[in-house]
Amino acid sequence: MKETILVTGGTGFIGSHTTVELQQAGYDVVIVDNLSNSNANVVDGIEKITGIRPAFEQVDLNDFDKVEAVFKKYSIKGIIHFAASKAVGESVEKPLLYYRNNLNSLMNVLELMPKYGAKGIIFSSSCTVYGQPTDENLPVTEQAPIQKALSPYGNTKQINEEIIQDYIHSGAPIKSIILRYFNPIGAHPTALIGELPNGVPMNLIPFVTQTAIGIRKQLKIFGNDYNTPDKTCIRDYIYVVDLAKAHVKAMTRVLDQETDPVEVFNIGTGHGYSTLEIVEGFERATGVKLPWEYAPRREGDIEAIWGNVDKANKVLGWSADTPLDDILRSAWNWQKKLREDGIQ
Ligand code: UD1
């Protein structure tokens, strides 16, 4: 029998791609999303790709009774928890909003899991918990020290990891896998789902594709005085479809295998690319010339981080192998599709 997985934030960027991969691996999916930063028509895109319409419940995870009604209605075995506010700058301005939303929603889900027999939860964390690793800690492993978060958003990731640890250590009959992502980019190869930021994009790739299509005049590369080979920042850019597949591996592991009650995995490619390399890669992969200039450093940016992903490779049997040019082309195809559909 197919097992049912609850995907919170399932109409979002990573949630929608993960729903597709879960369905294609044979799971039934129930999406819960309050649509605060996404659109219900994402469910149509998912259905077009897989031929299966996931169940969709428009529910705010802060509303305990409504979340409980979802647990009552479906026989949920596993949960992938994406739903969260995620704008770093906004979190600095509205810390209580971020703490309330991101912590309560996780706690509500955790509290309901044992009562309704849900066994495992995959939590979407971030490499932001490592801050700027020292040179000898790069590429960064899961053992690297956690550093004080630079924003309330980053802090909610750290606190939520601790909430899961503490709850399970208290004897709650559930297991968890915490995935620390590096920088997720790209879109589904069908261009039927992708990233759709509100307003001016903060993240690099949406800004690049919006500049390429003419919505933004010029890309600014933040900082050309970093201590890196080409003086721009370095990140580990992971294809969202590869990332989504890591969640399926993690879900199968947490539900079907004897494991420690809480495990942590880095999810990245193991390679670092500079901002300049991404810009040049985009031009090479798409043949589109990108107007850009250097600008001062962006406050809060770390200089360089990329992941050691040996643990995920060995233990999850997963690796991210999509070539960078293909990933960048997928982001461009998605942007062109948004234009064709009159969305952007
Ligand atoms: C950001 C968040 C991080 C979050 C991640 C994924 C911060 C400090 N961190 O990571 O918590 O998990 O997004 O969504 O915001 N860049 C430019 N020009 C631009 C935009 C970006 O040069 O217009 C550069 C940045 O300086 C950075 C790189 O591109 O070096 C990647 O930036 P971005 O996509 O915003 O991700 P992060 O800052 O790494």
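**Close-up 1. Residues around the ligand in the predicted model.** The ligand has 20 residues around it. Leu204, Lys220, Arg235, Arg298 and Asp301 come nearest. By class, the shell holds ten nonpolar, six polar and four charged residues.

**Close-up 2. Polar contacts of the ligand with Lys220, Arg235 and Arg298.** Lys220 uses its backbone: a polar atom there is 2.7 Å from a nitrogen atom of the ligand. Arg235 uses its side chain, with a polar atom 2.5 Å from a ligand oxygen. Arg298 also places a polar side-chain atom by a ligand oxygen, at 2.8 Å. On its own, the ligand has 740 Å² of accessible area, and the protein covers 84% of this.

**Close-up 3. Helix H7 and strand S8 at the ligand.** H7 spans residues 204–213 and S8 spans 219–222. Each supplies at least two residues of the shell. The largest share comes from S8, with four residues.

**Close-up 4. Helix H6, residues 152–169.** H6 has 18 residues. From first to last C-alpha, H6 reaches 25 Å, close to the expected 26 Å. Just after H6, Gly171 takes a positive phi of about 105°.

**Close-up 5. The buried residues of H6 and their cover.** Buried positions at the start of H6 include Pro152, Tyr153 and Gly154. Thr156, Lys157, Gln158, Asn160 and Glu161 are also buried. So are Ile163, Ile164 and Ile168. Their cover includes two helices, H4 (88–93) and H5 (95–115). Strands S5 (120–126), S6 (175–181) and S11 (262–267) are also among the covering elements.

Terms used. Residues are numbered from 1 along each chain as its sequence is written. This is a predicted model: local features need pLDDT of at least 70, side-chain atom pairs count only at pLDDT 80 or more; totals for chains, interfaces and linings use all residues. Side-chain values use heavy atoms; hydrogens and water are left out. The expected span of a helix is 1.5 Å times one less than its number of residues. Buried means under 20% relative accessible area, exposed over 50%, partly exposed in between (1.4 Å probe, protein chains only). Contact means heavy atoms within 4.5 Å. A residue is near a molecule or strand if one of its heavy atoms lies within 4 Å of it. A polar contact is a pair of N or O atoms within 3.5 Å; within protein, one must be able to donate a hydrogen and the other to accept it, and residues adjacent in sequence count only if both atoms are side-chain atoms. Accessible areas come from the Shrake-Rupley method with a 1.4 Å probe; for residues, only the protein chains shown count as cover. Ala, Val, Leu, Ile, Met, Phe, Trp, Tyr, Cys and Pro count as nonpolar, Asp, Glu, Lys and Arg as charged, and the others, Gly among them, as polar.
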